[in-house]
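The following paragraphs explain the disulfides of a protein chain and then turn to one of its helices. Please keep the sequence and the structure in view while reading.

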Amino acid sequence: MLRCLFYRLRGAFAKRSAGIIRMNYSGKQALCLYILVALAIYLRFLRGLHIFTSYEELYRTAARKLEEEAPKVSELDCRIFMNAKNSWNKTLDGLSKTQVKENIVYKGSCELTQSTMWQVPSSRLEQNFPIAYSVMVYRDFDRFVRLLRAIYRHHNVYCIHVDQNSDKEFKSKVTNFVGCFSNVFQPSVPVHVQWGLSSVLEAELVCMRALWNHPIRWKALINLTGQEFPLKTNLELVNILQVMAGQNDVWIDPCTYDGPGDYQDELCQSITPEGFRDRWKKIEAPPFKVTPYKGQVHVVLFRAAVDFILHSFVSRVFLEWVNKTNIPDELYFSSLNSNPHVGIPGGNKNPMALKPSISRFKLWWNRHKHIIKSCDTYVRNICQLTPRELSAMTTSKQLFANKFKVDLKPAGYSCLEEWFYQRVLMELKTNRIHLDLTYYRKLFAQE
């Protein structure tokens, strides 16, 4: 089209100069056309400099960069663990103790940090579905940065809560690092967190409030700790969240008294003969006839549910009651989400259905025999993940893995990180997800 305009102008002016016809263009019209031609030539020039780049070109460039810089475990072949779900032996156990060189991300300056794999391009689908994250951290700075790198996208938003009990060096490192990114921040009033008390829940709510007030209009919120790692890429997460169609993912422990399971069966009796009632039985009955359900603090909440939690009268009064209980963070979200009469958007309409949760791959003591035969180490009845669990993690339907200890067989964390980035790389090369969504469609089918 531009070439046509150019020839038309050239011909018209040539004829005018030859006296053949009278020029039909006014001086202003000719000037405008010349400007359009010049602008088109300039834009072609800029495109040649890659200032305007197509999605395909961005993806190819990012894929090449990721192939060069993605974390890789050089000390062993991680694939030997991936297919060992039911065939763990002494050889594999010996290999799982291999000390690997951990991939350090933070380079000491914002420029160097941002140049290392932070600018993974996002599809339009991802950009139209921003996710909010709250991340609770208190130690292990390098692990925290590796987690954030894996979940980071420029259109998402991240609240990083540093436990006020953390040492000064850790706090300083996190503050300096967070300052490198416009969509990553710390809350203005952090909390001194103590396990089992209301401070755990308050830290979560501090970030939730800060995220609610952030200008990025995120669609769903996921809360994490620094000891976790994603099992799904950002593109996979967005696809799953869209399938969920506003339904929150909040787990109920089947061993809860009045819960979806039989709390009097042999397994539950070995864990909690009281069905967790001992956590609240010495205080007054909960308000609004809420049935308490023990769950976990890990949740996936859609924006409307967060609005309810932060601003409704019911949630505020229930928070006052739950803070009197033992380990309130394991009661608050699960109880609000699973009492349909309180009216939380996206809540569980049938708490007795024993619906599985997808928030976490988390192995509780004596409950995981159907997934893996045994676990090396437990902390507060939670299995600390190692290479032994890699096969189960990488084939699970859950979104994030909880949890890892830095000094316990770190090859498991590094191998999972290597596996994760290979999935990201595969998406960049093919421009599509490699995940069957059938399970999630069935799980979140509208009732």
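In this predicted model, the count of disulfides comes to five, taking as a disulfide any pair of cysteine sulfur atoms within 2.5 Å. A disulfide is a covalent bond between the sulfur atoms of two cysteines. With the bonded cysteines counted along the chain, the pairing reads 1-10, 2-4, 3-5, 6-7, 8-9. Three of these links are described below.

One of the disulfides joins C110 to C180, with 2.1 Å between the two sulfur atoms. The link of C110 and C180 is left-handed, with -85 degrees about the S-S bond. Which parts of the chain does this pair tie together? C110 belongs to helix α6 (residues 110-114), whereas C180 sits in the loop between α9 (168-178) and β3 (184-185), so the disulfide connects parts that are 70 residues apart in sequence. The two cysteines can also be described by their accessibility. C110 has a relative accessible area of 32% and is therefore partly exposed, because that class lies between the limit for buried, under 20%, and the limit for exposed, over 50%. C180, at 7% relative accessibility, counts as buried.

A further disulfide is formed by C255 and C268, whose sulfur atoms are 2.0 Å apart. Is this link left-handed or right-handed? The torsion about its S-S bond is about -75 degrees, and the disulfide of C255 and C268 is therefore left-handed. C255 is found in the loop between β6 (249-250) and α12 (266-271), and C268 is in helix α12 itself, so this pair ties together parts that are 13 residues apart in sequence. Both C255 and C268 are buried.

C375 and C383 also form a disulfide, and their sulfur atoms lie 2.1 Å apart. Here the torsion about the S-S bond is about 95 degrees, so the link of C375 and C383 is right-handed. As for accessibility, C375 and C383 are both buried.

Attention now passes from the disulfides to a helix. Which residues of helix α13 (residues 303-311) are buried? They are R303, A305, V306, F308, I309 and L310. What covers these buried residues of α13? The cover includes helices and strands from several stretches of the chain: α10 (198-212), α14 (313-322) and α15 (332-337) are among the helices, and β4 (220-225) and β7 (299-302) are among the strands.

Notes. Residues are numbered from 1 along each chain as its sequence is written. This is a predicted model: local features need pLDDT of at least 70, side-chain atom pairs count only at pLDDT 80 or more; totals for chains, interfaces and linings use all residues. Side-chain values use heavy atoms; hydrogens and water are left out. Buried means under 20% relative accessible area, exposed over 50%, partly exposed in between (1.4 Å probe, protein chains only). Helices (H or I, at least four residues) and strands (E, at least two) are DSSP runs, numbered from the N terminus. Contact means heavy atoms within 4.5 Å.
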